[in-house]
Amino acid sequence: MIAIVIPYFKLKFFDETLSSLANQSNKYFNVYIGNDASPDNPGGLIDSYKTRLNITYERFEENLGGTSLTGQWDRCIKMINEEEWIMIFGDDDYISSNYVEEFYKNLEHIEKKNIKVVRFASRVVRSPSGELSKLYTHPKIESATDFFYTKFFKQSRGSLSEQIFRREAYAKHGFRDFPLGWGSDNFAWLEFTDFGKIYSINEATAFFRISEENISRGGYKEEVKSQAKYEYFDLIVRNFSHKFRPYQRKKIHLLFELLAYKINQFNFWFWIRMCGIYFREGNFFEPIKMTRRILLLYPKKK
């Protein structure tokens, strides 16, 4: 069974979120809503859906998402019972009516292949206009490293709401607590799969909302987001770059270098460290190229 976990804070689009669950063609799931001490009380709205959904609701007295978004995810997940699969669903997102049905249609194949993360097609919804992005689909089975690379370098996308993951994978790894939770999901799909495979279902769609109400909007705490991005690329470069293909490592290292420059972490010791990484991988000319970029490119950005 699936536990659909909603870390709640915003009421504005929450009716559409719950409505998309109530309209599922297959209702073999439970809903768990953890209220992060929100000033907007969703009690009345939740009560109106209790005849159509099996909902467990709890209001937490302390706001945790403001300091640790992954901490809020974790305490919401603690609400669940014995479900084997978990979906963390944004309180302003919604899903197509066949979402759960398509998951169960594919479950036998998923279990045969010992898949730990399942991903759905997605579209971005921009509010208040309601403008929809193109439909983002994915290969039926794709390595987590290829997905990570494609997201950052080939204009794919991914977010928390369109993934369903095994409870045992979460128990093994958990979410890393990056600032704003930014990139915590990206890193989770690498670790939850043990750098293995992700299974895609393109016949159902998650609708991810960007509005003035959420942290994904452009211009919101961009310095903090850059710091978070630097932190998780730092982990990848230090510990996991060997998991990626050689051409992917090259671009990941370059992006990491640019992130370090962006947040003023590019110094002599960073240069030494990157030289060591390049030498370890046999890329003896990359330190020369990096030094050239320092001399010719980076000063022009100041």
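Trainee: What share of the contacts in the protein with a separation of 6 or more comes from residues 24 or more positions apart?

Mentor: It's 75%, where contact means heavy atoms within 4.5 Å. Keep in mind that this is a predicted model, where local features need pLDDT of at least 70, side-chain atom pairs count only at pLDDT 80 or more, and totals for chains, interfaces and linings use all residues. Residues are numbered from 1 along each chain as its sequence is written, and side-chain values use heavy atoms, with hydrogens and water left out.

Trainee: Why is the protein called as compact as a globular protein of its length?

Mentor: Its radius of gyration, taken over C-alpha atoms, is 21 Å, close to the 19 Å from the globule rule for 302 residues, so the description fits. That rule is 2.2 Å times the number of residues to the power 0.38.

Trainee: Why are H9 and H10 called roughly antiparallel?

Mentor: Helix H9 (residues 246-262) and helix H10 (residues 268-280) pack at about 175°. Angles run from 0 to 180 degrees between N-to-C directions, and those over 145 count as roughly antiparallel, so H9 and H10 earn the name. Their axes, lines fitted to C-alpha atoms over the stretch in contact, sit 12 Å apart.

Trainee: Which residues of H9 meet H10?

Mentor: His 253, Phe 256, Glu 257 and Ala 260 do, and on the H10 side they meet Phe 270, Arg 273, Met 274, Ile 277 and Tyr 278.

Trainee: What percentage of the 302 residues count as buried?

Mentor: That's 56%, with buried meaning under 20% relative accessible area (1.4 Å probe, protein chains only).

Definitions and conventions
Helix = DSSP H or I, 4+ residues; strand = E, 2+ residues; numbered from the N terminus. Parallel < 35°, antiparallel > 145°, perpendicular 65-115°, else oblique. Buried < 20%, exposed > 50% of the residue type's maximum accessible area, 1.4 Å probe, protein only.
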